[in-house]
Amino acid sequence: MKIHEYQAAELFVRAGLPALSGEVAAELSEAIAIAERIGYPVVLKAQVLVGGRGKAGGIKRVTNPEELRSAFVQLKALKIKDCLVEKILVVRAITIQKEFYVGVAVDAARHDVVLIASAAGGVDIEEIAKTNPQAIRKFYLGGNPQINEGPAWQAFIRSVFDDLAQQRQGTQIFQRLTKIFFDYDCSLAEINPLAVDDQGQLCAADAKINFDDNALFRHPDLHTLRDIRYEEPDEMEAKKYGLSFVRLNGNIGCIVNGAGLAMATMDIINLVGGEPANFLDVGGSSNPEKVIHALRIILYNKNVKAVLINIFGGITRCDDIARGLIEAQRQLKFSVPLVVRLIGTNENEAKVLLNEQRIFTYPTMREAIGQAVELAHR
Ligand code: GDP
Ligand code: MN
C-alpha cells in the first residue's frame with residue numbers, strides 16, 4: 001500500500017524526522033489560509049501516488065496569493081501519469097543548496113534490508129542507478145533491525161555526506177527512517193530529496209512510504225490512510241473472496257488450487273513460451289462460488305486470451321470446480337476459451353459435467369498448458 005506525501009510527512013514528523021511543516025488543501029480558500037499561516041513563499045505540491053511529480057509540473061513555488069491562486073488552479077487541472085490531483089500540499093518553501101537521496105528498502109535478492117544513500121539526489125534514483133551507479137551507496141543491515149554504527153557505517157555515511165555535522169544528522173535521519181521502516185512493516189521508506197537548506201540543515205523535502213500489504217493487518221491504524229483510487233481493483237476484489245491473486249503482465253489467466261501448483265503452472269507456462277496473466281490460488285475445498293469469482297476477476301483483464309484451470313483434487317473436489325466453471329460460463333457469458341486439466345477426487349464426474357457443456361479436459365498439465373499457450377498466441 002502506498003500513501004500520499006503529506007501522510008508520510010506526518011509519520012516522519014511524529015518520528016522526529018525533519019519534514020517541512022505544511023498542510024494539505026482540497027480547496028483554494030484552504031490553501032490560501034494555510035499559506036497565510038506558514039508565511040510566503042510556499043511550495044504547492046500535487047498529491048498523487050506516482051513519482052516524477054516535479055518533472056510533470058506538479059510542484060510550484062509561489063510568493064503571494066495571486067501566484068498561489070493561478071498555481072493552485074493549474075495543479076488541479078493537471079493529470080500526472082493518468083492520476084487526477086485532488087489534494088495539494090502547501091509547505092514552507094526553502095532555498096535548496098543540495099539534494100541527497102536516502103531510503104530504506106527490502107533487497108529481496110539478498111534477503112536483507114538495505115539503506116541507500118546518494119549525494120546525487122533529487123531526481124529519479126532508478127535513473128542514477130543506471131547512468132551513475134557509483135553515486136549510489138548501500139549499507140546492509142545484515143538482519144539487524146537497527147544500524148550498527150561500527151566502522152562500516154562510518155565509511156558509508158562519510159562517503160555520502162560532506163561534513164561532520166551533516167554526517168551526524170544523516171546518521172540520525174537514517175536511524176529514525178529505519179525505525180519507521182520496521183515499526184510499520186514498510187517495503188520502502190524514502191526521502192528524495194533530503195535537502196540542504198540555506199542554513200546548512202538537512203530537511204525532508206519529500207516523503208514516501210510503501211507498506212507491505214501482507215503485514216497491514218498488524219496496523220489497523222493505517223487503514224484510514226488508504227486511497228483506494230490507486231489500488232488494483234482486481235486484487236482488492238480477490239481479497240474479498242479469500243482468493244490469493246496477483247496480477248501479472250501476460251495473457252493466460254490461471255486458476256489453480258494450491259500455491260505450489262500455481263507457481264509450478266506459471267513456471268511451465270513460461271517454459272513453453274507463454275506468459276501468465278495472474279497468479280491465483282483458489283485454495284482447498286473450493287466451492288463453486290469461489291471459481292465463479294475467480295473467473296470474473298481474471299476476465300476483468302482484457303489482455304487475457306485463454307484461461308487455464310489446473311486442479312489437483314485432494315480435499316478440493318473436481319466436480320465442485322466443474323460446477324463453478326459451468327455456472328460461471330452461464331452467468332458471465334464470455335468468449336475467452338477455457339483450457340481445463342483436473343485430476344483427483346471426483347475427476348470422472350467433473351469430466352462428464354464439463355463434456356456435456358462442450359468444455360473438454362486435458363489429461364496432463366503439460367498438454368493443457370501447451371494448448372493454453374497456443375490459444376494465447378493466436
Ligand atoms: P517528486 O518529483 O514527485 O519526487 O516531488 P518532490 O517532492 O521530490 O519535488 C521535486 C523537486 O521539487 C525537488 O527535487 C526540489 O528540487 C523541488 N522542491 C520541492 N520542495 C521544494 C521547496 O520547498 N523549495 C524548493 N526550492 N524546491 C522544492
Ligand atoms: Mn521526490
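I will walk through the overall build of this protein, then its metal site, its pocket and cavity, and a few backbone details.

Please keep in mind throughout that what we are looking at is a predicted model. The protein has 378 residues, of which 48% are buried, and its secondary structure comes to 12 helices and 17 strands. Taken along the principal axes, the C-alpha atoms fill a box of roughly 80 × 50 × 40 Å. If we take the contacts with a separation of 6 or more, 68% of them are between residues 24 or more positions apart. The accessible surface comes to about 18,400 Å², and carbon and sulfur atoms account for 51% of that area.

Let me turn to the metal. Which protein atoms serve as donors to the manganese ion, ligand 2? They are the O atom of N192 and an OD atom of D206, and they lie 2.1 to 2.2 Å from the ion. N192 sits in strand β10, residues 186-196, whereas D206 belongs to the loop between β11 (202-204) and β12 (208-211), so the pair ties together parts of the chain that are 14 residues apart in sequence. Both N192 and D206 are buried.

N192 also begins one of the unusual peptide bonds in the model, since the bond from N192 to P193 is cis, with omega near 10°, and P193 is likewise placed in strand β10. A second cis bond runs from Y40 to P41, with omega near -5°, and there P41 lies in the loop between α2 (28-38) and β2. For context, most peptide bonds are trans.

The two manganese donors bring us to the largest pocket, which holds about 1,200 Å³ of space. Its lining consists of 47 residues, and those nearest its centre are G52, G122, E190, N192 and D206. By class, the lining divides into 24 nonpolar, 8 polar and 15 charged residues. Several elements supply at least two lining residues each, among them β6 (87-92), β7 (98-107), α4 (125-131) and β9 (136-140), as well as β10 and β12.

G52, one of those residues nearest the pocket centre, is placed in the loop between β2 (42-47) and β3 (59-62). Is G52 buried, partly exposed or exposed? Its relative accessibility is 44%, and therefore G52 counts as partly exposed. G52 is 29 residues from K81 in sequence, while their C-alpha atoms are 9.0 Å apart in space.

K81 itself lies in the loop between β4 (79-80) and β5 (83-84), and it has a positive phi of about 45° although it is not a glycine. D82, in the loop between β4 and β5, also has a positive phi, of about 75°, without being a glycine. Most residues other than glycine have a negative phi. K81 counts as exposed because its relative accessibility is 57%, above the 50% cut-off, and D82 is exposed as well, with a relative accessible area of 67%.

Lastly, the enclosed space. A search of the whole structure finds 1 cavity of 30 Å³ or more, and about 30 Å³ of space lies in the largest cavity. Two elements give two or more residues to its lining, namely β13 (244-247) and α9 (288-298). The residues that line the largest cavity are D234, F245, R247, A277, N278, I297, I298, N301 and V304, and by class they comprise 5 nonpolar, 2 polar and 2 charged residues.

Definitions and conventions
Residues are numbered from 1 along each chain as its sequence is written. Chains are lettered from A and ligands numbered from 1 in the order in which they are written. This is a predicted model: local features need pLDDT of at least 70, side-chain atom pairs count only at pLDDT 80 or more; totals for chains, interfaces and linings use all residues. Side-chain values use heavy atoms; hydrogens and water are left out. On a 1 Å grid over the protein atoms alone, a cavity is a set of points where a 1.4 Å probe fits but cannot get out, and a pocket is an open set with protein on both sides within 12 Å along at least five of seven lines; lining residues have an atom within 4 Å of a point. Grid points are joined across faces, edges and corners, and a volume is the space filled by probe spheres set on the points. Helices (H or I, at least four residues) and strands (E, at least two) are DSSP runs, numbered from the N terminus. Ala, Val, Leu, Ile, Met, Phe, Trp, Tyr, Cys and Pro count as nonpolar, Asp, Glu, Lys and Arg as charged, and the others, Gly among them, as polar. Buried means under 20% relative accessible area, exposed over 50%, partly exposed in between (1.4 Å probe, protein chains only). Contact means heavy atoms within 4.5 Å. Accessible areas come from the Shrake-Rupley method with a 1.4 Å probe; for residues, only the protein chains shown count as cover. Donors are N, O and S atoms within 2.8 Å of the metal (3.2 Å for Na, K and Ca); water is not among the atoms, so sites may look incomplete.
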